[in-house]
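Q: Please take a close look at one part of this model and its surroundings. I would like one connected account, from the local detail outward.

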Amino acid sequence: ELAVEVARFLKDKNIAFHMDIIGNGPQEENVRSLYEKSGGLIKLITVAPEFEENIKFIEDLKKEFPDVVISLGHTNAKFQEASEAFKKGATHVTHL
């Protein structure tokens with residue numbers, strides 16, 4: 001199994017050691033490509049929910065990959081932002 005942390009969506013710009021392992025293009029296309037190349041082995045994707053586009057990203061991921069766990073992490077999200085992410089499909093917290 002693989003866990004993917006989507007570094008482009010991390011709020012804290014000081015977290016340089018979290019490498020963007022899926023490239024610099026649009027994240028949905030990169031996640032889709034990596035998922036296909038992995039043969040469906042990706043089981044968890046961590047996203048920081050404090051950006052509006054990330055909420056849409058979470059919702060789209062759950063629709064396309066319902067078996068992948070969407071986890072919140074590397075975040076300074078407020079309660080409302082995290083709550084919205086959970087409403088859209090996130091179900092776990094990796095780490096804050």
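A: Buried here means under 20% relative accessible area, and exposed means over 50%. The model is a predicted one. The part to examine is the third helix, α3, which spans residues 79–88.

Start with its inner side. Ala82, Ser83 and Ala85 are the buried residues of α3. Viewed down the helix axis, they fall within an arc of 160°, so they line one face of α3. That buried set packs against α2 and β3. Now turn to the other side. Gln80 and Lys87 are exposed, on the face of α3 turned away from its buried side.

Next, the exit from the helix. Glycine 89 sits just after α3 and takes a positive phi of about 140°. The loop that holds glycine 89 runs between α3 and β4 (92–95). Is glycine 89 buried or exposed? Its relative accessible area is 15%, which is under the 20% limit, so glycine 89 counts as buried. Setting aside residues up to four places away in sequence, glycine 89 touches Ile58, Lys62 and Ile70. Proline 66 lies 23 residues away along the chain, yet the C-alpha atoms of glycine 89 and proline 66 are separated by 9.0 Å.

Two of those partners lead to the core. Ile58 and Ile70 belong to the largest nonpolar core, which has 15 residues. Together with Ile45 and Leu61, they touch the most other members. At least two residues of this core come from each of β2 (42–47), α2 (52–64), β3 (69–73) and α3. With four residues, α2 gives the most.

Leucine 61 shows how the pieces connect. Apart from neighbours within four places in sequence, leucine 61 contacts Val31, Ile45, Pro66 and Ile70. Val31 takes us to α1 (27–37), whose residues meet those of α2. On the α1 side, Gln27, Glu28, Val31 and Arg32 take part. On the α2 side, the partners are Phe57, Asp60, Leu61 and Glu64.

How do the two helices lie? The axes of α1 and α2 come within 11 Å and cross at roughly 30°. Angles under 35 degrees count as roughly parallel, so α1 and α2 are roughly parallel to each other. The crossing of α1 past α2 is right-handed.

Like α3, α1 has an inner and an outer face. The buried residues of α1 are Gln27, Asn30 and Val31. They cover an arc of only 100° around the axis, which puts them on the same side of α1. Their cover includes β2 and α2. Glu36 and Lys37 are exposed, on the face of α1 turned away from its buried side. Glycine 39 comes just after α1, with a positive phi of about 70°.

Finally, the whole chain. It has three helices and four strands. From the N terminus on, the order is β-α-β-α-β-α-β. Of its 96 residues, 41% are buried. Take contacts between residues at least 6 apart in sequence: 61% of them join residues at least 24 apart.

Back to α3, then. Its buried residues pack against α2 and β3, and α3 supplies at least two residues of the largest nonpolar core. Just beyond α3, glycine 89 touches Ile58 and Ile70, both among the four residues that touch the most other members of that core.

Methods. Residues are numbered from 1 along each chain as its sequence is written. This is a predicted model: local features need pLDDT of at least 70, side-chain atom pairs count only at pLDDT 80 or more; totals for chains, interfaces and linings use all residues. Side-chain values use heavy atoms; hydrogens and water are left out. A nonpolar core is a set of buried Ala, Val, Leu, Ile, Met, Phe, Trp, Tyr and Cys residues joined through side-chain atoms within 4.5 Å. Buried means under 20% relative accessible area, exposed over 50%, partly exposed in between (1.4 Å probe, protein chains only). Contact means heavy atoms within 4.5 Å. The arc is that of the directions from the helix axis to the C-beta atoms. Axes are lines fitted to C-alpha atoms, for helices over the stretch in contact, and angles run from 0 to 180 degrees between N-to-C directions. Angles under 35 degrees count as roughly parallel, over 145 as roughly antiparallel, 65 to 115 as roughly perpendicular and the rest as oblique. A crossing is left-handed if the near helix is turned anticlockwise from the far one by less than a right angle, and right-handed if clockwise.
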